[in-house]
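Student: I should like a close look at the side chains of this model, in particular at the contacts made by sulfur atoms and aromatic rings. Please treat them in one connected account.

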Amino acid sequence: MNLIQRFYNNFKIYSRNTAFVSDDRNLTYDQFFSLINGSRMLLENQPEFAPQKAVGVLCNELAETYAAVFAIWFSGCVFIPLNPSLPPLANNELIRKHEIDFIFSSGKLPAGLDLKSTKILYNNQLVSTSILSLYNLGLDQVLYVLNTSGSTGIPKNVPINLKNVTAFVEGFLNLYPELTDADNFLQTYELTADAAFTGYLIPFLIGATVYSVPGGTFKPFAVAKMMAEKPITWVQVTPSLLACLHPFFHSFNLTKIKHFHFGGEALPADMVEEWRRHIPNAEISNVYGPTETTITATIYKCRPGEAVKEKNNVVSIGKPLKNVVIYIQKDENSEIGELLITGEHVMEKYLFIDDQPFKIIAPGTDVYYPTGDLVMKDEDGYLYFCGRFDEQVKISGYRVDLIEIENKIRSLLPKPVNVAAAAIEKSPGINQLVVFIENYSGSGKEIIEKLLPVFPTYKIPEKIVGVEHFPLSPSGKTDKKALVYNFKNSSVG
C-alpha cells in the first residue's frame, strides 16, 4: 500500500474524528472526504481531463483548498500551488510553463490571471458521496511542484515525487512515534511553502486534527490567539514569526502544547530559552531542509528540562532523518564546510533547467545536492548552521559572514528581536554593511560602541536601521530583499 492509498483509506478509518477546523468550521474526516470527492468529480468530468496533468490550486486557508490537493492526487494528477497574492505575471508564468488546463478556486479570483486556455474549477462547499476508484500512482510520479528562487534569485521549479514524500513521512514519524489521533496541529505556513506539508500530511496520516490560521489577519497575532484559545498540541513557526510576539511572551502559559517546531531560518538560542518558559510541557524541535530535499532533512529535538544545543547562539539543526545521507565538503584545516545531501528525499532534477546543480563526490558514489549552506558537526554528530555561501559578502575587500554580524548584534540587545544584515552597494563596486533591527528606535551608536572592541573595522556596520515590523515572505521568513528595497528607496539610503 503506497502513501496515497494510506491517505485514501484513513479518511474512512477515522471518519468520525475531526479532520479540519477553520474559522470555527469543524469537519469530520467523513465530511472532508466528501469535499475531496466533490472536487474529484468536478475535475474528472472535464472533457480534457487526463491523469498526470498539472492542476493548479489558488491557495487559501479554507478546507476546500486542502480538499483540492487530495482530489488532485487521488485523480493521479500533479498539484501546482498558486499564491493569489503574487503579481499576476508570476502566476501566469507558472500556468504557461506547466501547461495548466484547470485551476481550483474556492474564493475570489485575483486580478490579472491569464485564463485564455485555462478553466477555473469552483469547488466552494462542493461535496459528493460517490465512491470513486483511486488512481494507481507509481513511486516516480510527481505529486507537487514548488516554485522557489533559491539562493540565486533565478526561479526554479522543484518537482517532488511519491518516493520523496514517502521517505519524508517515514523519517518524520520514526522520530515522533508518540503522535496520535488525539493531537491537534496548528498549520501556520502558506500552502505554497514546503513546510506547510508537514502541518497537514502528518496529521491526516494519524487521524489527528488540522487547525488553519484565518486569512486576512496579521498572522503572528492570529497564531497567538489560536495557541491561547484552541486545544493545540503541535505548532511549527519560523523564528521571525515568533520574534514578532516577543513583547507579549509574558502573557502566554501554553501548557497544552507538546511539540513546538521551528524551521526556515537560523534559530536564536536566547529566544528559545525565553520562549520555552511559556510552553513548559513542550519538546522543542528545530527542523532543516531545502525544498529540493523534500520538506525536512535534519531535525534537532530538545525535551523539556534539557539544555539546548547551540553554537554562537544558533540552535543545532540536529541529525539526518532516516533515508537521508549527508556529506560535509570542507578543507582539511576547517571544521566548517558545505552541507551536501543525498538519499530518497532528494528530487531528481529541476524542471525546465538543463544544467542541474548536483555534485558527484567521487566516482561510483551517489549524486549529492549542494545546499549552499555552511555547517559544522560536533563530536556527538549534531549539525550546526553557520551561514550560507551567498551570505558571505565582500566589505572593503574582506570576506564577511552576515550571520556572524547578526548573531553578535542580537546578543548585545536587551531582548531577542529580529536582526538582518545586508551588504548594499553605495557606489559602483563598493558595498556598505547595513543592519536592520526590528522594533528598534535607537541611533545605533551604543551598538557600534560595543562592537568596536570585538570586531575589526570592516565588520562594523555603516548604518543601523530600526524597522517597526520586518516584512515576511509567504513562507514566514524575514524578507531581506524587501528590507533592502525599502532601504534603497527611503530617505535613509
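Tutor: The count of disulfides comes to zero in this structure, which is a predicted model. A disulfide is a covalent bond between the sulfur atoms of two cysteines. C59 takes part in none, and the cysteine sulfur nearest to it, that of C77, lies 16 Å away. The cut-off for a disulfide is a pair of sulfur atoms within 2.5 Å, so this separation does not qualify. C59 has a relative accessible area of 8%, and because buried means under 20%, C59 is classed as buried. C244 likewise counts as buried, at 8% relative accessibility.

The aromatic rings come next. The structure holds 36 aromatic pairs. One of them joins F11 and F33, whose ring centres are 5.9 Å apart and whose planes meet at 15°. Stacked pairs have planes under 30 degrees apart, so F11 and F33 form a stacked pair. F11 belongs to helix 1 (residues 3–13) and F33 to helix 2 (residues 29–44), so their contact ties together parts that are 22 residues apart in sequence. Both F11 and F33 are buried.

Y300 and Y382 provide an edge-to-face case, with 5.9 Å from centre to centre and 85° between the planes. Edge-to-face requires an angle over 60 degrees, so the 85° of this pair fits that class. Y300 is in strand 14 (residues 298–302), while Y382 is in the loop between strand 21 (367–377) and strand 22 (383–388). This pair therefore links distant parts of the chain, 82 residues apart. Y300 has a relative accessible area of 3%, which means that Y300 is buried.

Rings also meet charged groups. The charged end of K301 sits over the ring of Y176, at 4.2 Å from the ring centre. In the same manner of contact, the charged end of K311 sits over the ring of Y384, 5.1 Å from its centre.

Finally, some aromatic side chains contribute to the surface. F218, F221 and F248 make a nonpolar surface patch of about 280 Å². F218 is placed in the loop between strand 10 (209–212) and helix 7 (219–229). The relative accessibility of F218 is 39%, and because partly exposed covers values between 20% and 50%, F218 falls in that class. F218 is thus partly exposed, whereas F11 and F33 are both buried.

Technical notes. Residues numbered from 1 in each chain as written. Predicted model: local features only at pLDDT ≥ 70, side-chain atom pairs only at ≥ 80, totals over all residues. Heavy atoms only, no water. Patch = residues over 30% accessible without salt bridge, like charges linked within 9 Å, V, L, I, M, F, W, Y side chains within 5 Å. Areas by Shrake-Rupley, 256 points an atom, 1.4 Å probe, with all protein chains shown as cover. Salt bridge = Lys/Arg side-chain N within 4 Å of Asp/Glu carboxyl O. Helix = DSSP H or I, 4+ residues; strand = E, 2+ residues; numbered from the N terminus. Buried < 20%, exposed > 50% of the residue type's maximum accessible area, 1.4 Å probe, protein only. Phe/Tyr/Trp six-rings, centres within 6.5 Å; stacked < 30°, edge-to-face > 60°. Lys NZ or Arg CZ within 6 Å of the ring centre and 35° of its normal.
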